[in-house]
Amino acid sequence: MIKRANASIKIDAHFDEVAWQSCSPAGDFIQNEPYPGEKAKQNTEVRVLYDDKAIYIAANLQDNSPDSILQQLSERDRVGITDWFAVILDPYQFGLNGSGFLVTAAGVQLDTKYSALNGGNRVEGGDRNWDAVWESATRYTDSGWAVEIKLPYSALRFPKEDIQTWNINFARMVRRNRELTFWNEVDPQQQGLLNQSGQLTGIQHIKSPVRLSATPFIAAYTENYKDNSSSPSSSWGRSINGGMDIKYGINDAFTLDMTLIPDFGQARSDNQVLNLSPFEVQFDENRPFFTEGTELFNKGDLFYSRRIGGRPLWYYNVEGQLGENEEVINNPITTPLVNATKVSGRTTNGLGVGIFNATSKRTFAEIENAETKERREIATSPLTNYNVFVFDQSLKNNSYLTFINTNVWREGSAYDANVTGTEFSLRNKQNSYAINGGGALSQQYYEGQQKVGTSDSVGLGYRYELEFEKTSGNFRYNASYTVNNKDYDINDLGINFRPNQQTFRLNTNYNIFKPFGPFNRAGVWSSFRYSRLHAQNAFTSFRWNLRSFFVTRDFFALGLFGSLRPFRSFDYYEPRVDDFTRFYAMPQNGSVGLWGSSDYRKRFAYDFDAEVRMFSETGRRTFELSFGPRWRVNDKLFFRLDIEAENRLGDVGYVSPNEEGIGYSSMLDEDIIFSRRDQLIFDNTFSSNYIFSNTMSLTLRARHYWTRLDYKGFSLLDEDGGLAETPYKGYDAEDQALHNTSFNIFNIDMIYRWRFAPGSDIYFVWKNSIFKDSDDIEQTYFNNLGQLLDAPQSNNFSIKIVYFLDYLDVVPST
């Protein structure tokens, strides 16, 4: 039972207040790794106090080799090669949603939000983009190390009750032994983290304070664009932006988050690639507002936040609206965001409610007449509002039922879109079996009317899924059936690659969690996937995958994997025909590979991955290889290099014919051209961190992506999915290849960050971007890399100051 502190507690990791001395410790931690169920090798004692403002945790982490404690510094919300201690809280005791507060031996803080059983017991997992303001201190002792934590009630959500009981757990990692222990045992054979917590009793008469904070910011930018082929060769631009983020606790359970005139100049650059597939590239979300506290909105997989502020709706329509002698001066690739708001929380009855809303401005392309120099604008995106609404009801046995609605409203005659979906998980009392499922309806409206095609409605789409799974034990399995009809389209605010598909999946896996022989852990997975086109009920593919992994007692991990498509697959997406009447018949193929990861406790470590894919078709094969060395120079300086190479020989795919190509005039309008090509890809990333302290860091990330496409021949896709002769040759009258490509993307992101006060930061950022596209495929990788500096490039320099203002600090308490 927790005790109330009657005097103030100083957060210094010394525990010399009287209140700590009268507090009974919690101990007897149990291992989760490497020996599940056994007592911890190192002793841990934890004490907990509370008062009217916060809950306090003091942990004495004893170690029989204190000089061997690993303590690598890292950025906030990152865990390096270091020991750590964590507090896991679930005040509502639903077992589905909670928060975690972790402190490393180097004093670095990490906070995270857990949801939906956290997917697999990882303390440092969950939503680490959530940032709370709390205090911690660490200290090394003769017998180990100590950590003291203050969690103000403004950082927590808890019921409005006089006497409360919370679910709580404590976790500790001894990194040199990879020993993960918990106060209340967390069995790796059981799914979930929060549902395996203990209880904290005795909290009385506490109130949620006024949770109101503002984070105003100001950012200044200067950008240089350099192109040696133009005159002048260099140009400069400058701008100053200001805005504010606001967080308000509506009541004890619900919080409003708002960003006004947002600025995301510090977000990491996207990993751009040359996309030859029929599907768009799905980029990671790097903007803080859209990654923090979004666990409710991600339910049902209907929300893809990169749609907000993304490519304008009519971006690709500009060229078709140009008049004589007109050219495009500027066509923005993103839409400016005006504001965004989130309201989220959960009632004492377990009902989670989430409301998200964002608005983007009108966007225009700038057009100039080359002769008269007159300029005009072409609208590329209307004023647009995005909305997401979620109800998520927690049920018994860590089950839940969720309702989701997404809506996109566009100004004027542009179409609107709406998606309504549901998701559920029903689990038995032992949390060993579950039935999961869900469904969604998608609709698009044009000037208030449902979108209608020439012959039938194409505006109403649907999706449903049902799954049965065994969720505990060494042996687990799941079987699922999913249907997306041909009109299912959530891509206005979500992302879906494959409409008109029905798929049956069967997955099995066996894990050994306890050490045996030379291994600490091992596991094997097998999966079968059988797919058919939905509307035509036509077979598309069958695939079998097999994977395994082993972790030795020296912490070297090795995995083997393979896949087999024993029958021809029928790809209805590659021909780029909307009515799914054409397909490409892909030959039988299979792949094998292995991966490895060395012991990260050592200063030099590495990862590697190799795979080969072979086709029954002569001359067609793919080789992939990656190698990632990492060097921890000391506890402050870290280097990492990721080298990825892929060679696709005899690859086959769709190509858009060029009007200047020989044979183009002899083609029919309905002809679909495929090509056979060799593609070489290098994707290399160098990253480095220098961590001055637990509040100051300098990070560098440089990425070079290069691909070379050598087209070997062109064919006509016939009605049976095979390849036939075509008059199109792919080169012009001067024998110049029209499709060969050498494509480069180079980015640098360098960020200095100083957290000079709680929740307050100063950023200095340099971003470099180089793009080069040519038809010269004779260059080697290094010759090509050497020429990048002569290509057009932009350099962006910025400084941003963010200051955290808390109502409780500004207005004196009464």
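**Aromatic contacts, strand pairing and nonpolar cores**

F303 and F356 are both buried in this structure, which is a predicted model. The two residues form an aromatic pair of the tilted kind, with 5.3 Å from centre to centre and 55° between the planes. This pair links distant parts of the chain, since F303 belongs to the loop between α2 (288-291) and β16 (326-330), whereas F356 is part of strand β18, and the two are 53 residues apart. Both residues also belong to one aromatic cluster, which is formed by F264, F289, F290, F297, F303 and F356. A charged group is found at the ring of F289, where the charged end of K342 sits over the ring at 4.3 Å from its centre.

Strand β18, which spans residues 351-360 and supplies F356 to the pair, is mostly covered, with seven of its 10 residues buried. On one side of the pairing scheme, β18 is joined in the antiparallel sense to strand β17 (residues 337-346) over nine bridges, and within this ladder A358 of β18 is the bridge partner of A340. The two strands form a hairpin with four residues between them, and G350 in the turn adopts a positive phi of about 85°. Strand β18 also pairs in the antiparallel sense with strand β21 (residues 384-394), here over 10 bridges, and V388 in β21 is the bridge partner of F356.

The largest nonpolar core comprises 33 residues, and those with the most contacts inside it are I57, F85, I149, L151, L156, W166 and F170. At least two residues of this core are supplied by each of β3 (44-50), β4 (54-62), β5 (84-90), β6 (98-104), β9 (144-152), β10 (163-174) and β12 (198-204). When neighbours within four places in sequence are left aside, F170 is in contact with F29, V46, V48, I57, F85, A86, V87, T181, F182 and W183. Another core, of 23 residues, lies apart from the largest one and includes I308, A358, V388 and V408; of these, A358 is the residue of β18 that bridges to A340, and V388 is the residue of β21 that bridges to F356. In soluble globular proteins, nonpolar side chains tend to be buried together.

Across the structure as a whole, 52 aromatic pairs are present. One of them is formed by Y92 and F94, which are stacked at 5.9 Å from centre to centre with 10° between the planes, and both of these residues are buried. A further charge-over-ring arrangement involves R630, which lies over the face of Y600 at 4.1 Å from the ring centre.

Several backbone features are found in loops. A cis peptide bond, with omega of about -5°, joins E33 and P34, and P34 is located in the loop between β2 (30-33) and β3. Two residues other than glycine have a positive phi, namely D28, at about 55°, and K373, at near 65°. D28 lies in the loop between α1 (18-21) and β2 and is exposed, with a relative accessible area of 64%. K373, in turn, lies in the loop between β19 (363-369) and β20 (375-381), and its relative accessible area of 52% places it in the exposed class, for which the cut-off is over 50%.

How values were computed:
Residues numbered from 1 in each chain as written. Predicted model: local features only at pLDDT ≥ 70, side-chain atom pairs only at ≥ 80, totals over all residues. Heavy atoms only, no water. Buried < 20%, exposed > 50% of the residue type's maximum accessible area, 1.4 Å probe, protein only. Pairing = 2+ DSSP bridges. Core = buried A, V, L, I, M, F, W, Y, C linked by side-chain atoms within 4.5 Å. Contact = heavy atoms within 4.5 Å. Phe/Tyr/Trp six-rings, centres within 6.5 Å; stacked < 30°, edge-to-face > 60°. Lys NZ or Arg CZ within 6 Å of the ring centre and 35° of its normal.
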